[in-house]
Amino acid sequence: VRSKYNDTTQILRSATKELKKRKIYFKILEVPGAFEIPVIIAKNINKFDGFLAVGSIIKGQTPNFDFISQAITNGLIQLSILNKKPIGNAVLTCLTQKQAKMRASKGYEAAIAVCEVLNVK
């Protein structure tokens with residue numbers, strides 16, 4: 001599930017490259033922002049074996065960054081545990097755009113984590 005807010009192209013690309021390499025079927029669902037990711041996963045939880053949450057949150061001048069980041073993390077882990085399905089967290093929480101670009105490989109890492117939990121070689 002990919003957030004369209006902020007540039008998540010490289011994060012998504014790093015994740016999908018790994019999934020394709022492992023010959024994993026996947027579908028990309030897009031949402032307006034990272035806050036909506038847990039809701040879309042919840043709506044689709046029975047349709048897939050696992051999920052990747054792809055987003056980018058850049059800290060601004062207000063505490064909204066902290067609230068949004070924590071709410072997304074809590075929502076993802078709660079969905080994962082309650083439904084016994086892996087949800088890779090590639091929602092970057094960065095202080096700057098530059099930092100987000102430097103961490104774009106986190107999609108790859110989240111994809112590997114989901115595949116390992118699913119025991120997909």
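This passage describes salt bridges, strand pairing, an aromatic pair and a pocket in a predicted model.

The count of salt bridges in the model comes to 5. Three residues, Glu18, Lys21 and Arg22, are linked in a network of such contacts. Within this network, Glu18 forms a salt bridge with Lys21, and the closest N and O atoms are 3.5 Å apart. Both residues belong to helix 1, which covers residues 9–21. Glu18 and Lys21 are 3 residues apart in that helix, or about one turn. The two ends of this salt bridge are set in unlike surroundings: Lys21 is exposed, with a relative accessible area of 64%, whereas Glu18 is buried, at 4% relative accessibility. Glu18 counts as buried because its value of 4% falls under the cut-off of 20%. Glu18 also forms a salt bridge with Arg22, where the closest N and O atoms are 2.5 Å apart. In this second contact, both Glu18 and Arg22 are buried.

Another salt bridge joins the side chains of Glu109 and Lys106, with an N to O distance of 3.1 Å. These residues lie in helix 5 (residues 106–118), and because they are 3 residues apart, about one helical turn separates them. Glu109 is partly exposed, at 39% relative accessibility. Lys106 is also partly exposed, at 27% relative accessibility. Both values fall in the class between buried, under 20%, and exposed, over 50%.

The next elements are two strands and the helix that goes with them. Strand 3 (residues 51–58) pairs with strand 4 in the parallel sense, over 8 bridges. Phe51 has Ile87 of strand 4 as its bridge partner. Strand 4 spans residues 87–94 and is mostly covered, with 6 of its 8 residues buried. Together with helix 3 (residues 64–83), strand 3 and strand 4 make a β-α-β unit, and this unit is right-handed. The loop between strand 3 and helix 3 contains Lys59. Lys59 is partly exposed, with a relative accessible area of 33%. Along the chain, Lys59 and Met102 are 43 residues apart, and their C-alpha atoms are separated by 15 Å.

A search of the whole structure for aromatic pairs finds 1. The pair consists of Phe48 and Phe51, whose ring centres are 5.8 Å apart. The planes of the two rings stand at 75°, so the pair is edge-to-face. This label follows because an angle over 60 degrees counts as edge-to-face. Phe48 is buried, with a relative accessible area of 17%. Phe51 is buried as well, and its relative accessible area is 5%.

Phe51 appears again in the description of the largest pocket, where Phe51 is one of the residues nearest the centre. This pocket has a volume of about 450 Å³. Its lining is made up of 23 residues, and those nearest the centre are Leu19, Tyr25, Phe26, Gly50 and Phe51. Helix 1, strand 3 and helix 5 are the elements that give two or more residues to the lining. Helix 1 is also the element that holds Glu18 and Lys21, and helix 5 is the one that holds Glu109 and Lys106. Strand 3, in turn, is the parallel partner of strand 4.

Methods:
Residues are numbered from 1 along each chain as its sequence is written. This is a predicted model: local features need pLDDT of at least 70, side-chain atom pairs count only at pLDDT 80 or more; totals for chains, interfaces and linings use all residues. Side-chain values use heavy atoms; hydrogens and water are left out. A salt bridge is a side-chain nitrogen of Lys or Arg within 4 Å of a carboxyl oxygen of Asp or Glu. Helices (H or I, at least four residues) and strands (E, at least two) are DSSP runs, numbered from the N terminus. Buried means under 20% relative accessible area, exposed over 50%, partly exposed in between (1.4 Å probe, protein chains only). Two strands pair if DSSP finds at least two bridges between them. A crossover is right-handed if, with the strands pointing away from the viewer, the path from the first strand over the helix to the second runs clockwise. Rings of Phe, Tyr and Trp (its six-membered ring) pair if their centres lie within 6.5 Å; planes under 30 degrees apart count as stacked, over 60 as edge-to-face and the rest as tilted. On a 1 Å grid over the protein atoms alone, a cavity is a set of points where a 1.4 Å probe fits but cannot get out, and a pocket is an open set with protein on both sides within 12 Å along at least five of seven lines; lining residues have an atom within 4 Å of a point. Grid points are joined across faces, edges and corners, and a volume is the space filled by probe spheres set on the points.
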